[in-house]
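I opened this entry to record what I looked up in one protein chain, going from the whole chain to single residues. My notes follow in the order in which I made the checks.

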Amino acid sequence: MAQDVLCEVHNCDYWEEGNRCSADQIYVVSHKGSQASNEQETDCKTFEKAH
């Protein structure tokens, strides 16, 4: 699991100095149901489609 989670949303309660996310869990969603084709269809900039 990733140790360094970055966040650019400065007004989030979990945002910390250096664009770090301090949340205990991360929740990523797809705007197209349970499948996504690219990062624009998700709220995850590190999305990569599974093969």
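Before looking at the overall dimensions, I noted that the radius of gyration is taken over C-alpha atoms, and that the globule rule is 2.2 Å times the number of residues to the power 0.38. The model is a predicted one, and I read every value below with that in mind.

Entry on the whole chain. I compared the radius of gyration with the rule and found 12 Å for the protein chain, whereas a compact globule of 51 residues would come near 10 Å. I then looked up the extent of the C-alpha trace, which along its principal axes spans about 35 × 20 × 15 Å. For secondary structure I found two strands and zero helices in the protein chain. When I asked for burial, I got 10% of the 51 residues as buried. I also checked the contacts between residues at least 6 apart in sequence, and of these 0% join residues at least 24 apart.

Entry on surface and charge. I looked up the accessible surface of the protein chain, which comes to about 4,900 Å², with 46% of it belonging to carbon and sulfur atoms. For the charges I counted 4 positive and 10 negative, and I noted that their mean positions are 11 Å apart.

Entry on His10 and Asn19. I located His10 in the segment before β1, a strand that covers 15–16. Is His10 buried or exposed? I noted it as exposed, because its relative accessibility is 52% and the cut-off for that class is over 50%. Leaving out residues up to four places away in sequence, I found that His10 touches Trp15 and Asn19. With Asn19 there is also a polar contact between the two side chains, at 3.2 Å. I looked up Asn19 next and placed it in the loop between β1 and β2, where its relative accessibility of 26% makes it partly exposed. The phi of Asn19 is near 60°, a positive value in a residue other than glycine. I set beside this the general rule that most residues other than glycine have a negative phi. As a last distance for His10, I took the C-alpha separation from Ser22, twelve residues apart along the chain, and read 12 Å.

Entry on Glu16. I found Glu16 in strand β1, and I recorded it as partly exposed, with a relative accessible area of 40%. Glu16 and Leu6 are ten residues apart in sequence, and I read 9.3 Å between their C-alpha atoms.

Entry on Thr42 and Phe47. I placed Thr42 in the segment after β2, which covers 20–21, and Phe47 also lies in the segment after β2. Which class of burial does Thr42 fall into? Thr42 is buried, because its relative accessible area is 9% and the cut-off for that class is under 20%. Phe47, at 24% relative accessibility, counts as partly exposed. What does the side chain of Thr42 reach? I found it at 3.0 Å from the backbone oxygen of Glu39. Leaving out residues up to four places away in sequence, I listed Val29, Ser30, His31, Ala36 and Phe47 as the residues that Thr42 touches. From the side of Phe47, under that sequence limit, I listed contacts with Ala36, Ser37, Asn38, Glu39 and Thr42. I closed the check on Phe47 with its C-alpha distance to Lys32, 15 residues apart in sequence, and read 14 Å.

Technical notes
Residues numbered from 1 in each chain as written. Predicted model: local features only at pLDDT ≥ 70, side-chain atom pairs only at ≥ 80, totals over all residues. Heavy atoms only, no water. Helix = DSSP H or I, 4+ residues; strand = E, 2+ residues; numbered from the N terminus. Buried < 20%, exposed > 50% of the residue type's maximum accessible area, 1.4 Å probe, protein only. Contact = heavy atoms within 4.5 Å. Areas by Shrake-Rupley, 256 points an atom, 1.4 Å probe, with all protein chains shown as cover. Lys, Arg positive; Asp, Glu negative; His and termini not counted. Charge placed at Lys NZ, Arg CZ, Asp CG, Glu CD. Polar contact = N/O pair within 3.5 Å; in protein donor to acceptor, adjacent residues only side chain to side chain.
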